[in-house]
Amino acid sequence: MIPLTLTELAEAVGGTLTDAPDPAARVTGDVELDSRRIGPGGLFVALAGERVDGHEHARGAVAAGAVAVLAARPVGVPAVVVPDVPAALARLASAVLARLPEVTVIGITGSSGKTSTKDLVAQLLATLGPTVAPPGSFNNELGHPYTVLRATERTRYLVLEKSSRGRGHIAWLTRIARPRIGVVLNVGSAHLGEFGSREAVAASKGELVEALPAAAEGGVAVLNADDPLVAAMASRTTARVVTFGEGAGADVRAVDVRLDDRGHPAYWLVTTGGEVGVRLGTYGAHQVPNSLAAAAVAIELGMPLPALAAALAEARPLSRWRMEVTERADGVLVVNDAYNANPESMAAALRALETMARGRRSWAVLGAMGELGESAAEEHRRVGELAARIGVDRLVVVGAEAAPIAAAARVAAGAGIVRPRPVDGGPVDDGSARGGPVRGGPVRGGPVGGGLVADQSEQDGGGPAGAGESGWTGTSAHVPDVDAAVALLRAELRPGDVVLVKASRAAGLERVALALTGPTAPAGVAR
């Protein structure tokens, strides 16, 4: 944060100084929400949570070097006391940003891909100048101002991720730090349980572009031309609109998209200012639109195309448990994508697994997707059907809420769902455009992994998944919890297998991936 005296800090948030013998003392360090992270010159923000009250740690924070505490009551050490600490934190962020006129603020929202795109944008812009972006998914009413307060006089670019739990939420975040450039990635099924419809999600996400300055003032809305609900947001802003996508009409588009045998996408980037070949360092075809959005932002800020292509090739996932790939010494490839999940990101991850496991045995360890409301059961069934259609060899479903995934896979085995053969080494057609499954052979059951599995189905005939025309030949296992999933995997994994782990955050499936790659697993390297 920029240096502020306690008097300036109190004025910025409308608070009262207490137990502060020197109002001219300056906060010169970081603002922290966790007293354990406080360093010399910092400001500790005392939040009262359900289990921990930060006010009880105020003295320890000052002892560790904090100049003062932002608090809701006097705490016996220098403090700025306010009636509402989170609201004061937001006001402080706005006040600090107002003193940094050289900072360009970029806001990013969407139903999925926000964090991955934020990481890409931050890495691209870091080659142009000092850049601040949130760690992980700091995208709510606390993480947003916390990130803003990381900016200093040296900062040139501030990249902010914006989540939404209801109408008005994104608009409120934009009032803390008004973006000059706003990116909307997509409108999907995430949070349908809260919003009720995709149209309601779009209404919320579009609050970002409504907050942008007019085109004459430098405002730019970066919109996904391939998503009709996002493209329609052009009518909701006076900013200049730049579109990205794979369609011919997009201003920044990908042509001839292909994946290598590790799942890294490559394509020809076509813009109004030229063309360049791109190969991404990230995994999965779903990273193509994320990279196009990031490229559109970088181009708007003056990045030359050759430098852009080089930076995209070097960019890696910065936030944990998002397509985090580790190769063990025995050749097992573990893809930890367990931070969060919704129907769109689940499908994207499964298709990435399909590519990364070409010629190898594939495992999909899947848990529940949260916040889907009345559509939850149907959306989970669709995931199970897709896993069968793309030919996952071993499907492990974890937890009661994810049971429809396993049920759908059992139906797929009984229906003889055919996985079409790939053409010229490319990814297979999942069959959805042709009306779904083809009916065929019988089902047989039995335990796997020493009786750890609650239920399992396997198509007769053996051989690799999707072989020939006999239907899906993979297995589907439903286990009650993470420990059972880990035990099954440890018993059944073979050298060279590829394992995808994915679920919503509440499922805690990152523990499966960590168990497979931790100290007791064969040593490996993150890729």
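**Loops, helix packing and buried threonines in a predicted model**

Asp-19 is located in the loop that runs between strand S2 (16–18) and strand S3 (26–27). In this predicted model, the phi of Asp-19 is positive, near 50°, although the residue is not glycine. Such a value deserves notice, because most residues other than glycine have a negative phi. Asp-19 has a relative accessible area of 42% and is therefore partly exposed, since that class lies between the limits of 20% for buried and 50% for exposed. A positive phi, about 45°, also occurs at Met-323, which again is not a glycine, and this residue lies in the loop between helix H12 and strand S17 (324–328). Met-323, however, is buried, with a relative accessible area of 3%.

The setting for these residues is a protein chain of 527 residues, of which 56% count as buried. The secondary structure of the chain comes to 17 helices and 25 strands. When contacts between residues at least 6 apart in sequence are considered, 66% of them join residues at least 24 apart.

Helix H1 (residues 6–13) has buried residues at Leu-6, Leu-9, Ala-10 and Val-13. These residues lie on the same side of H1, because the arc they cover around the axis is only 95°. The spacing fits a general property of the α-helix, which has 3.6 residues a turn, so that residues three or four places apart point the same way. After H1 comes Gly-14, whose phi is positive, near 70°.

H1 packs with helix H3 (residues 85–98) at an angle of about 110°, and the two axes are 8 Å apart. H1 is therefore roughly perpendicular to H3, as angles of 65 to 115 degrees are classed in this way. The crossing in which H1 passes H3 is right-handed. From H1, the residues Leu-9, Ala-12 and Val-13 take part in the contact, while H3 contributes Ala-88, Arg-91, Leu-92 and Ala-95. By class, the residues of this contact comprise six nonpolar, no polar and one charged. Leu-9 and Val-13 thus appear both among the buried residues of H1 and in the contact with H3.

A second helix pair is formed by helix H11 (residues 287–300) and helix H12 (residues 305–314), whose axes come within 11 Å and cross at roughly 140°. This angle makes H11 oblique to H12, because only values over 145 degrees would count as roughly antiparallel. H11 passes H12 in a crossing that is right-handed. The contact involves Ser-291, Ala-295, Ala-298 and Ile-299 on H11, together with Leu-305, Leu-308 and Leu-312 on H12. Six of the residues in the contact of H11 with H12 are nonpolar, one is polar and none is charged.

Two threonines were also examined. Thr-282 lies in the loop between strand S16 (274–279) and H11, and it counts as buried because its relative accessibility is 4%, under the limit of 20%. Apart from residues up to four places away in sequence, Thr-282 touches Leu-120, Gly-263, His-264, Pro-265, Gln-287, Ala-315, Arg-316 and Pro-317. Thr-104, by contrast, belongs to strand S8 (residues 104–109). Thr-104 is likewise buried, with a relative accessible area of 14%. When neighbours within four places in sequence are left aside, the contacts of Thr-104 are with Arg-156, Tyr-157, Leu-158, Arg-180 and Leu-301.

Conventions: Residues numbered from 1 in each chain as written. Predicted model: local features only at pLDDT ≥ 70, side-chain atom pairs only at ≥ 80, totals over all residues. Heavy atoms only, no water. Helix = DSSP H or I, 4+ residues; strand = E, 2+ residues; numbered from the N terminus. Buried < 20%, exposed > 50% of the residue type's maximum accessible area, 1.4 Å probe, protein only. Contact = heavy atoms within 4.5 Å. Axes fitted to C-alpha atoms, helices over the stretch in contact; angles between N-to-C directions. Parallel < 35°, antiparallel > 145°, perpendicular 65-115°, else oblique. Left-handed = near helix turned anticlockwise from the far one by under 90°. Nonpolar A, V, L, I, M, F, W, Y, C, P; charged D, E, K, R; others polar. Arc of directions from axis to C-beta.
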